[in-house]
Amino acid sequence: MCGIVGYVGAKDCSEVLVSALRKLEYRGYDSAGIAVFENDKIRIAKEKGRLDDLQKRMDAEGVPCGHIGVGHTRWATHGVPSAVNSHPHRGGKNVTLVHNGIIENYKELKETLKDLGRTFVSETDTEVVAQLMDFNYMGDPVQAIARTLSVVEGSFALGILFADRPGELYAVRRESPLIVGVAEGESFIASDVPAIIKYTTQYYLLEHDEIAKLTFDGVSFCDLEGNSIEKELKVADWDQEAAEKGGYEHYMLKEIHEQPTAVKTTITPRISDGVPNLEECSITPERLSDINQIYIVACGTAMHAGMIGKYVIEKLCKVPVIVDIASEFRYRDPLIKEGDLVVIISQSGETADSLAAMRLAKKMGAQTLAIVNAKGSSIAREADMLIYTHAGPEIAVASTKAYMVQISVMYLLAFEMAYSKGLISEEECRRLTSELVGTSDKIEMTIGLVEPACKVFAQELTEAENLLYIGRGLDYALSMEGSLKLKEISYIHSEAYAAGELKHGTISLITEGMPVIAVATQNSLLDKTISNIKEVKARGAKVLIVCDDEAQISDDVADAVIRVPKIEECLMPMLAAVPLQLLAYYASVLRGNDVDKPRNLAKSVTVE
Ligand code: M6R
């Protein structure tokens with residue numbers, strides 16, 4: 001996730017910007033840059049790679065010297081990581097800016113600006129905003145910002161310098177976060193508190209469509225019409241470590257809360273004209289419609305994301321999908337045929353078994369498609385086709401937001417493939433895609449709705465030795481992930497079972513008071529699942545049902561019910577995953593475990 005900083009004050013601006021950017025490194029990035037007013041001219045330094053690479057470049061070419069400027073760490077979404085795609089970007093002769101977020105309509109805007117004679121040097125959506133801002137600039141920064149914001153769509157936070165205003169720094173945001181820090185004789189902008197906490201604990205939270213103006217005399221705020229705004233000064237009482245967790249007690253909880261943004265950032269660039277478009281990832285409709293057999297190969301949570309993919313792809317695209325555990329796949333002589341598609345899913349892109357499985361699949365003549373979060377990782381580099389998920393860095397060992405974006409990509413793939421094969425109409429494809437886009441807000445809503453109930457029910461789980469997760473269809477696929485999440489961080493033994501399979505053996509494990517978490521979001525299977533729930537209830541199980549907010553559940557079936565908003569049935573795992581993640585999280589907290597670093601586990605498993 002990109003990070004923005006800005007500084008106005010007596011200190012050496014470049015030094016402050018780089019040091020503030022270092023505190024945003026935890027967000028992940030692949031390039032960095034700064035722009036500083038030096039003798040009333042804006043000087044830019046930017047480089048692909050780490051901040052140390054930027055520093056080396058500046059040491060070689062001369063560090064920009066001044067007292068007002070902006071800085072940026074970029075997590076590539078539009079265009080490869082490179083110096084030219086790095087921020088800051090110039091637009092014409094007036095504007096230099098940094099940007100965090102996504103401009104959804106940048107392609108249309110770029111075409112219009114090209115028709116107006118504007119030329120572009122990068123592949124980014126950010127340069128389009130810079131050019132547009134420059135086009136709109138007639139000497140009044142607020143007006144230029146307002147005109148620009150009246151046409152751009154998407155989420156963004158911007159730090160802006162106007163070449164003819166060397167004593168001013170402007171900032172504005174919509175959706176993407178931005179704060180304005182203040183201290184004696186100096187002020188800052190930043191994407192997050194850790195960037196400025198070394199310099200000040202006092203800050204303002206910039207709201208949607210509010211403009212901040214920072215000068216050597218202080219900061220002021222106005223709306224897009226230029227009306228001034230009084231804002232409440234906030235004081236951060238965090239230490240550095242707490243600040244990096246954004247005030248959350250653990251990275252896992254922070255990452256659960258980051259899911260709405262992660263989903264939006266992952267899917268928005270892959271939708272054009274209302275339907276999925278994966279051509280940028282070398283996946284053309286022709287290529288998709290030719291596929292007759294798919295293998296999804298991964299480990300742990302990533303493999304569970306593949307299970308969701310299997311159900312959705314088979315249902316919509318009528319293509320058989322085999323989901324394989326990478327460590328099994330690589331040693332079981334899989335029956336890969338030339339032209340089969342092997343999809344490797346991996347957060348880290350470095351998991352040894354997944355990498356080996358991919359190499360084997362390539363050797364056997366398969367087309368490989370990697371769905372990877374970590375930029376430039378081995379799996380990403382070696383795959384034939386690549387879809388990056390844009391979850392930003394996931395620090396907690398227990399994967400949450402990476403899972404969420406992996407399943408969002410499964411849906412994109414399924415919708416596009418079904419459409420390419422003529423199995424769904426354009427109208428249906430648009431409807432499903434729009435429902436998928438809507439999940440970002442619904443995940444946010446779900447977190448707010450279910451978190452209190454999860455805290456309460458987690459208490460019951462902490463006393464259990466064993467429990468079961470049950471479900472049918474997609475609910476079964478999701479139950480696998482719910483069970484893994486609980487096991488790995490709470491150390492409570494659990495299994496996920498297909499609800500209809502219990503009576504073939506596992507139901508003998510049910511004893512009085514044993515918790516059973518039943519996921520029942522698939523309306524078409526609800527009656528069947530309820531029958532299975534009654535079977536365990538009759539044997540003494542304490543049942544928690546996770547279902548949608550319209551499901552008819554009678555009181556005698558469940559001991560507790562957690563409801564999530566009802567959306568398109570096939571997309572329900574994206575909401576139902578949230579309570580399962582939160583139950584595991586709170587069970588772990590209540591047991592006093594090291595939530596972010598569970599025993600015996602590593603974030604990236606680079607050994608067999
Ligand atoms: O980096 P990867 O996605 O390839 O990792 C695969 C698994 O090790 C991983 O998903 C693991 O199961 C999770 N940490 C569980 O939360």
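**Exercise 1. How many disulfides does a search of the whole structure find?**

Before solving, some ground rules. This is a predicted model, in which local features need pLDDT of at least 70 and side-chain atom pairs count only at pLDDT 80 or more, while totals for chains, interfaces and linings use all residues. Residues are numbered from 1 along each chain as its sequence is written, and side-chain values use heavy atoms, with hydrogens and water left out.

*Solution.*
- Step 1: take the criterion, a pair of cysteine sulfur atoms within 2.5 Å.
- Step 2: apply it to the whole structure, and the search returns zero disulfides.
- Step 3: check C454, which is in no disulfide; its nearest cysteine sulfur belongs to C547 and is 13 Å away.
- Step 4: look at accessibility, where buried means under 20% relative accessible area, exposed over 50%, and partly exposed in between (1.4 Å probe, protein chains only). C454 is buried because its relative accessible area is 0%, whereas C299 is partly exposed because its value is 24%.

**Exercise 2. Work out the strand order of the open six-stranded sheet, and find its edges.**

*Solution.*
- Step 1: define the parts. Strands (E, at least two residues) and helices (H or I, at least four residues) are DSSP runs numbered from the N terminus, and two strands pair if DSSP finds at least two bridges between them.
- Step 2: read off the order, β5-β6-β7-β8-β12-β13, with antiparallel pairing.
- Step 3: pick the edges. These are β5 (89-91) and β13 (218-222), each of which pairs on one side only.
- Step 4: zoom in on one pair. Antiparallel strands β7 (residues 154-162) and β8 (residues 169-174) are joined by five bridges, and R173 in β8 is the bridge partner of A157.
- Step 5: place S155 in strand β7. S155 counts as buried because its relative accessibility is 12%. Contact here means heavy atoms within 4.5 Å; leaving aside neighbours within four places in sequence, S155 touches H99, N100, G101, I102, R174, E175 and S176.

**Exercise 3. Describe the surroundings of T124, then those of T351.**

*Solution.*
- Step 1: locate T124 in the loop between α3 (106-115) and α4 (125-136). T124 is buried because its relative accessibility is 1%.
- Step 2: list its polar partners. A polar contact is a pair of N or O atoms within 3.5 Å; within protein, one must be able to donate a hydrogen and the other to accept it, and residues adjacent in sequence count only if both atoms are side-chain atoms. The side chains of T124 and S122 make such a contact at 2.7 Å, and a polar atom of the T124 side chain lies 3.1 Å from the backbone nitrogen of E127.
- Step 3: add the contacts beyond four places in sequence, namely R74, H78, N85, H89 and Y106 for T124.
- Step 4: move to T351, in the loop between β19 (341-346) and α12 (352-363). T351 is buried because its relative accessibility is 13%.
- Step 5: beyond four places in sequence, T351 is in contact with C299, S346, I379 and V605.

**Exercise 4. How many residues of α18 are buried?**

*Solution.*
- Step 1: α18 (residues 573-590) has 18 residues and reaches 26 Å from first C-alpha to last.
- Step 2: the expected span is 1.5 Å times one less than the number of residues; for α18 that is 26 Å, and the helix comes close to it.
- Step 3: 16 of the 18 residues are buried, so α18 is largely enclosed by the rest of the structure.
- Step 4: after α18 comes G592, with a positive phi near 75°.
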